Amino acid sequence: MHRKSKLKKLIDDVFHVKGNLNDINYLLFFIFVFLIFFGILMLMSASSVYSYQKFGSTYYMFWHQILYGFLPGLFAFYFCLKFDFRNWKKFAFLMLIISIVLLVVVFIPGIEANYGKARSWINVFGISVQPSEIVKLTFLIYLASWLDSKGDKKIRDLNTGLLPFVVIVSIVAILMLLQPDLGTLSIIIAISLISFFVGGADVKHMLWMLTSASGLLFLAIKFAPYRAARLMVFLDPSKDPQGIGYHLNQSLIAVGSGGIFGVGLGYSRQKYGYLPEVAGDSIFGIIGEELGFLICIIYVFVIFAFVYQGFKVAKQSKSYFGRILATGIVSWLGFQSFINISSMIGLLPMTGVPLPFVSYGGTAMIMNMASVGILLNISKNTNS
């Protein structure tokens, strides 16, 4: 008990934040630490073969993630933890401008970096950056501040609530569709709608937006043949197993091959060029193959625990802004994890979104860690 209290005191001293303070949510913190180190371990294993084939080093992608993801993410996490979350409201409009600019620069020749059909990356001094990952947080901060400034009555009003909200979200949505990045767009729309609901939106307005979003999703699928093909494969995984259905089938083989206890850490066969994107969007397939069903269930349970503790922070916050921002962050990380895992086991169509804290990508890692820093800062200031 004495050793435990000393550890708690050390963490509290390191993460001391000025203001009206409580202890941070320690359970949320330790869950976060577990997710980070579990993710780094699995990335090291999943990326080893591809790293060697492409870069001549088994640990190239692992060290790249450490240097350009984890270490700057650690700084971002610590800064966001120390920085009083209420001060983000001062930069809300700037966050909106940053969000729009970032989504525009991917179309500028010489800066853009295409990957497949998507134009979602830019090159900054030789380093690949994914603006849409930054926008998830910057746009959420703006949206929480905007909802906070309106209050319940104005949010429920058509002219001061619904219409401005639709315009703001539509600007971001159009820029995302032009990339195109339907997976990330679905996450941004989901967290926007959840934030709008928590902010006090009229239920009728919510139903109208959900219906409209469903209609737009249908059109996005109908007029993009590759999306329609993904939907057909989702409905029938045996359809075109060497073509459009290859990715899903290989993912199901990977997860199924793991059985209850897995083939062993580092012993995946699917990472030898069979499963696409083994270090990125498909990394859960490698987790299932190497560690098995039991560890996958435990991992999913840990994610649910993270979401539960995050919503607990939101509920306990006396700040309207803090409540919306915390709900948005937890919804983002939880919903994205759900989409990624579900698409890998055939419960949803393939969407191409990374698994938070696990998939390869420095920008995503930095923003995920920064968002948890904000969440823990809100937990530290639940009395204000």
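Here are some questions and answers about this predicted model.

User: How do α11 and α12 sit relative to each other: roughly parallel, roughly antiparallel, roughly perpendicular or oblique?
Analyst: Two packed helices are described by the angle between their axes and the distance between the axes. For α11 and α12, the axes come within 6 Å and cross at roughly 20°. Angles under 35 degrees count as roughly parallel. So α11 and α12 are roughly parallel.

User: Is the crossing of α11 and α12 left-handed or right-handed, and which residues in α12 are met by α11?
Analyst: The crossing of α11 and α12 is left-handed. On the α11 side, the residues involved are Ala254, Val255, Ser257 and Gly258. In α12 they meet Gly285, Gly288, Glu289 and Gly292.

User: Where is glutamine 270, and is it buried or exposed?
Analyst: Look in the loop between α11 (246-258) and α12 (283-316) for glutamine 270. Leaving aside neighbours within four places in sequence, glutamine 270 is in contact with Gln250, Ile253, Ala254, Leu275, Val278, Ile286 and Glu289. The relative accessibility of glutamine 270 is 7%, and under 20% counts as buried. So glutamine 270 is buried.

User: Which non-glycine residue in the loop between α11 and α12 has a positive phi, and how accessible is it?
Analyst: The loop between α11 and α12 holds glutamate 277. Phi of glutamate 277 is near 55°, a positive value in a residue other than glycine. Glutamate 277 is partly exposed, because its relative accessible area is 32%.

User: What about phenylalanine 357: is it buried or exposed?
Analyst: Phenylalanine 357 is in the loop between α13 (320-344) and α14 (362-380). Its phi is positive, about 70°, although phenylalanine 357 is not a glycine. With a relative accessible area of 5%, phenylalanine 357 is buried.

User: Which helix gives the most to the largest nonpolar core?
Analyst: The largest nonpolar core has 106 residues, and those touching the most other members are Trp88, Phe139, Phe196, Ile287, Tyr299, Leu325 and Ile374. The helix that gives the most to this core, with 13 residues, is α12.

User: What does leucine 325 touch?
Analyst: Leucine 325 is one of the residues that touch the most other members of the largest nonpolar core. Not counting residues up to four places away in sequence, leucine 325 touches Leu140, Ile141, Ala144, Ile374 and Ile378.

User: How many disulfides are there?
Analyst: Cysteine 80 is buried, at 6% relative accessibility, and cysteine 296 is buried as well, at 7%. A disulfide needs a pair of cysteine sulfur atoms within 2.5 Å. By this rule the number of disulfides is zero.

How values were computed. Residues numbered from 1 in each chain as written. Predicted model: local features only at pLDDT ≥ 70, side-chain atom pairs only at ≥ 80, totals over all residues. Heavy atoms only, no water. Helix = DSSP H or I, 4+ residues; strand = E, 2+ residues; numbered from the N terminus. Buried < 20%, exposed > 50% of the residue type's maximum accessible area, 1.4 Å probe, protein only. Contact = heavy atoms within 4.5 Å. Core = buried A, V, L, I, M, F, W, Y, C linked by side-chain atoms within 4.5 Å. Axes fitted to C-alpha atoms, helices over the stretch in contact; angles between N-to-C directions. Parallel < 35°, antiparallel > 145°, perpendicular 65-115°, else oblique. Left-handed = near helix turned anticlockwise from the far one by under 90°.
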